[in-house]
Amino acid sequence: MKFAIAGAGAMGCRFAYQLKQSGQEVILIDRWPAHIEAIRQNGLHVDWNGQEVVEQFPIYYPEEVTEQVDVVIVFTKAMQLADMLSAIQPVFGPDTAVVCLLNGLGHELVMKQYVAEENLVMGSTIWSAALDGPGRAVLHGVGSLSLQNFVDTPNARAKTQAIVAALDAAGLHASYSENVKAAIWRKACVNACGNAPTALLECDLGGFFDNPYTEELVSAIAQEFTAVAATQGVEFDPAELTQFIISASLKIREHHASMYQDLIINRRLTEVDYINGAVTRIGEAAGIPTPVNRTITQLVHMKELLLGAQ
């Protein structure tokens, strides 16, 4: 298969590197000039669990790509999704699958404006990654991912299962899901608990989840997510969800979450409106109050203003 990674940030680099190592053809698409130039000049430098390696990739600005691919995996920031999909239309053939692995909720509404539903694949991943400057990816630890075709037809299912097989062969621990919507909501709750608070407190996951006050806050976030998810046909046990979030986060305790990387390191605007803010909006529409997630969203926006994030 020929893969295009649309959004060659930390996670995009992880998937690109592992796919290429498994023998797949991979191109990168991004808009960060320094990152693009570094990879074009020196290749992608990868810290692979402590081992330094370099891999060469073709990398393009969205407007430069013209060749069609078999699979596009989207790893943009949520607020950049529509712009990316609009710009890379030339890579979409009639059967090109487009895989969405973004953090947060509601991305299918944007995807359907640019991608035929038969070709749309939704997914969730708990892999982590980081960038240590332009053209430098830090890929430590383990993770997994699950995918499901957006419409349940034999062709869409077969296409998705073939993508799952390729990703699994790349060591990405991929599986086919019959209910990826639940996995997406669960991941969104994990992000709601770990991303925004660690950006606000300016700490890694271990610093937050080792704190004696954390479990009460995580429980409150999980209870709000559980109530709102139920209106979307997704059921959780809030106590089980709370313990899952704490346990999963402590396994990567030294990791700085993406919102920390965006806001604290790079002074960029965050995806909070698609995570804590999204559950607040969906809750409002269903008449369910979400005061904890609303407050966290407001605090992140206040910090964005204070730090001059752009």
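**Helix H6 and its surroundings**

Me: Let's start with H6 and H12. Is their crossing left-handed or right-handed?

Reply: The crossing of H6 and H12 is left-handed. Keep in mind that this is a predicted model.

Me: Noted. How close do those two axes come, and at what angle do they cross?

Reply: The axes of H6 and H12, the helix at residues 291–307, come within 10 Å and cross at roughly 40 degrees. Angles under 35 degrees count as roughly parallel, so H6 is oblique to H12.

Me: And what about H6 with H10?

Reply: The axis of H6 comes within 7 Å of the axis of H10, which covers residues 258–265, and the crossing angle is roughly 25 degrees. That makes the two helices roughly parallel. The crossing of H6 and H10 is right-handed.

Me: Thanks. Now H6 itself: what span should it have, and what does the model give?

Reply: H6 runs from residue 180 to 201, so it has 22 residues, and at 1.5 Å a residue it should span 32 Å. Its end C-alpha atoms are 31 Å apart, which agrees.

Me: Where does H6 bend, and by how much?

Reply: The bend is at Asn-191, and it is about 30 degrees.

Me: How many residues of H6 are buried?

Reply: 17 of the 22 are buried, so H6 is largely enclosed by the rest of the structure. One example is Ala-188, which sits in H6. Its relative accessible area is 0%, and with the cut-off for buried at under 20%, Ala-188 counts as buried.

Me: What lies across from Ala-188, far along the chain?

Reply: Leu-105 is 83 residues away along the chain, yet the C-alpha atoms of Ala-188 and Leu-105 are separated by 6.8 Å.

Me: Moving past the end of H6, what is going on at Glu-202?

Reply: Glu-202 comes just after H6 and takes a positive phi of about 60 degrees. Most residues other than glycine have a negative phi. Glu-202 lies in the loop between H6 and H7.

Me: Is Glu-202 buried or partly exposed?

Reply: Glu-202 counts as partly exposed, at 42% relative accessibility.

Me: What other residue besides glycine has a positive phi, say after H10?

Reply: Arg-267 has a phi near 55 degrees. Arg-267 is in the loop between H10 and H11, the helix at 276–286. At 36% relative accessibility, Arg-267 counts as partly exposed.

Me: Back to H7 for a moment. Where is Phe-209, and is it buried or exposed?

Reply: Phe-209 belongs to H7, which covers residues 205–209. Phe-209 is buried, with a relative accessible area of 6%. Its C-alpha atom is separated by 8.3 Å from that of Gly-194, and the two residues are 15 apart along the chain.

Me: Change of topic. Which UniProt feature covers residues 179–304?

Reply: The unreviewed UniProt entry gives "domain: Ketopantoate reductase C-terminal" for residues 179–304. In the model that span is 71% helix and 0% strand, with its end C-alpha atoms 35 Å apart.

Me: And which feature does UniProt place at residues 4–150?

Reply: According to the unreviewed UniProt entry, residues 4–150 are "domain: Ketopantoate reductase N-terminal". That span is 23% helix and 35% strand, and its end C-alpha atoms lie 20 Å apart.

Conventions. Residues are numbered from 1 along each chain as its sequence is written. This is a predicted model: local features need pLDDT of at least 70, side-chain atom pairs count only at pLDDT 80 or more; totals for chains, interfaces and linings use all residues. Side-chain values use heavy atoms; hydrogens and water are left out. Helices (H or I, at least four residues) and strands (E, at least two) are DSSP runs, numbered from the N terminus. The expected span of a helix is 1.5 Å times one less than its number of residues. The bend at a residue is the angle between axes fitted to the seven residues ending there and the seven starting there. Buried means under 20% relative accessible area, exposed over 50%, partly exposed in between (1.4 Å probe, protein chains only). UniProt positions are given in the numbering used here, feature names are shortened, and annotations may be inferred rather than shown by experiment. Axes are lines fitted to C-alpha atoms, for helices over the stretch in contact, and angles run from 0 to 180 degrees between N-to-C directions. Angles under 35 degrees count as roughly parallel, over 145 as roughly antiparallel, 65 to 115 as roughly perpendicular and the rest as oblique. A crossing is left-handed if the near helix is turned anticlockwise from the far one by less than a right angle, and right-handed if clockwise.
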